[in-house]
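Visitor: I'm new to reading protein structures. Could you show me how to look at a few features, one at a time?

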Amino acid sequence: MGQVWWKDKVIYQIYPRSFCDSNGDGIGDIPGIISKLDYLKELGVDLLWISPLYASPNYDNGYDISDYYAIHSDFGTMADFDRLVAEAGRRGIGIIMDMVINHTSTDHPWFQKSMRGEESYKDFYIWQPGKGGKKPNKWTGFFGGDTWEYVEERGEYYLHLFAKEQADLNYRNPLVVEAMEEVMTFWLDKGVKGFRLDVINIIHKDSLEDGAFRPVLRGSEFYLSRPGLHVLLKNFHQKIWAPHEAYTVGETVFVDPDEARRLTDPDRKELSAIFAFEHMETDCFGVKWFPRSFSPGRFFKVLAKWQAALPWNTVYFENHDQPRSLSRFGDPEAYPRESGKALALLLLSLRGTPFIYQGQEIGMTNFDFTSMDQVEDVESRQVWSIIRKAHFPRGLYWKVIRAKSRDNARTPMQWSGEAGAGFTTGKPWLGINHNHVTCNVAEEEGDPDSLLHFYRRLLAYRKGSAPLLEGDFHEVYREGSVWAFERRTEEGEGLLFQINLSAKPSRAHRSGPCLFSSYEEDRVGETLRPYEAALMEIPVGDDDRKGESNDKE
Ligand code: ISL
Ligand code: CA
């Protein structure tokens, strides 16, 4: 594989509603993002993935698009967007658009016309007559509950794997494929560098049979990563992405390493990279609503499996759908700084393109909400109503919502300790975490040992580190909460990373001087302290690997 332009890049995800509000309406916007470009430049990130900015009725905060060619008025105008691309470009930062093509909003004119049966739009969506007065099949959706909605006007049901306001498009219809080719070309022509493709591996539906019974996502065997998906991706790659050298990262739900390899193998010409989920599912049984306690060992095992499986992919611990990593894998009460730094060091030492989610770099934690009235997220609300109807013990489920709600990641970015957290001068659309008084950018700017400065130093170091940018991955130790791995180049230049992801002191894999530590130290002792992580140089010629590599499982 020739070197691709994006191989050494670091990506920062912005959830625009919650990043920075420039006009006091309580909603983050594009001028707000522009005002923080210098901050992002200084942090050391290269590309910004921005969650949907398009026109939308916001049932799912923009993941329900009603016009792919328009900027939501909450966020500004197309002129603002063009200015963002230009201003980011001036700083050497590229923009990645979030492309939601599995479904559109039911407000989209395509859906409205489809509903009325207009000739060219009739088959844009997946319409079915009922079965003897009942829904067309027994599929269950991603947000729990139904997947079919009846439309009187058309006398048929349409499929929606997410909220009923998000209708699944019909990718067996070439007109839909063409429409999406046009959409993506439009944005690439504006100068964006690529796409994050929402739930991309479910766009092709093989069949609408009921499928085997399963507790969640019944019917998924007919749409998860089906052969037809690969045909669609190859088409987009050849026609749209390759000519623009676009970076494409697919959000792929329930993929295994084999499927991930098929999707990202450069010779197959499909996607640049994918987001795997398995490491995000190590604190639950299959789905997040069935939680179990976090086990660092399980987490490391899954990470190691995926590190070995692909020569290069993505690395992430957070996004707008996931709880905050510090609350989830670290200890924000007793060891906020050490565990925040340990996770940062882990993220940036692993092999792959790192993604940092807004606020992760200052150690933002889960939302401290106290009642369902403070929760906006459509998924949390839907699950809450299902639970209530099923008479589950409320106290228990409130705990689960608190731990897992997507709103944990969506509270406004904490820029300062003032009221409004420097995010807004008005009333924020979603509550601000009370800890903004101490956990905020301004505070951390002023403290050279803060997590923010640690991220900056690490990102700057990574840019010049051959082992981190090109090295292989080799696990050398995994026991309980301790993990150690090496990254080595073909020339033999290497780094050793080790971590104790728990509050219990544990024996270190190796002691000696280090380049980075989650403590303010320049060496590792015999014992790894609570949440101690370190990156160390491997002396040249010190090769305990005898030339073998565990790159294959
Ligand atoms: O968030 C999830 C579980 O709580 C996931 O199942 C999520 O729904 C799935 O990863 C798909 O996510 C993407 O598509 C959704 C949107 O709501 C998410 O925000 C987006 O990341 C529908 O467009
Ligand atoms: Ca605003």
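Guide: Happily! Let's start with exposure, keeping in mind that this is a predicted model. A residue between the buried limit of under 20% and the exposed limit of over 50% is called partly exposed. D25 has a relative accessibility of 36%, so D25 counts as partly exposed.

Visitor: Is D29 buried or exposed?

Guide: D29 is buried, because its relative accessible area is 3%, and buried means under 20%.

Visitor: Which residues coordinate the calcium ion (ligand 2)?

Guide: To read a metal site, list the donor atoms around the ion. Here D21 (OD), N23 (OD1), D25 (OD), I27 (O) and D29 (OD) coordinate the calcium ion (ligand 2), at 2.3 Å. Along the chain, these donors follow the spacing D-x1-N-x1-D-x1-I-x1-D.

Visitor: Now a helix, please. Where is H230 found, and what does its side chain join in a polar contact?

Guide: Find the element, then look at the neighbours. H230 lies in helix 6, which covers residues 227-244. Its side chain forms a polar contact of 2.6 Å with the side chain of E270. Leaving aside residues up to four places away in sequence, H230 touches E259, R262, L263, R268 and E270. H230 is also buried, since its relative accessible area is 9%.

Visitor: And on the surface, which residues make a nonpolar patch?

Guide: V216, F285 and F290 make a nonpolar surface patch of about 280 Å². One of them, V216, sits in the loop between strand 11 (194-197) and helix 6. V216 counts as partly exposed because its relative accessibility is 34%.

Key
Residues are numbered from 1 along each chain as its sequence is written. Chains are lettered from A and ligands numbered from 1 in the order in which they are written. This is a predicted model: local features need pLDDT of at least 70, side-chain atom pairs count only at pLDDT 80 or more; totals for chains, interfaces and linings use all residues. Side-chain values use heavy atoms; hydrogens and water are left out. Helices (H or I, at least four residues) and strands (E, at least two) are DSSP runs, numbered from the N terminus. Buried means under 20% relative accessible area, exposed over 50%, partly exposed in between (1.4 Å probe, protein chains only). A polar contact is a pair of N or O atoms within 3.5 Å; within protein, one must be able to donate a hydrogen and the other to accept it, and residues adjacent in sequence count only if both atoms are side-chain atoms. Contact means heavy atoms within 4.5 Å. Patches are made of residues with over 30% relative accessible area and no salt bridge: like charges are joined within 9 Å, nonpolar side chains (Val, Leu, Ile, Met, Phe, Trp, Tyr) within 5 Å. Accessible areas come from the Shrake-Rupley method with a 1.4 Å probe; for residues, only the protein chains shown count as cover. A salt bridge is a side-chain nitrogen of Lys or Arg within 4 Å of a carboxyl oxygen of Asp or Glu. Donors are N, O and S atoms within 2.8 Å of the metal (3.2 Å for Na, K and Ca); water is not among the atoms, so sites may look incomplete.
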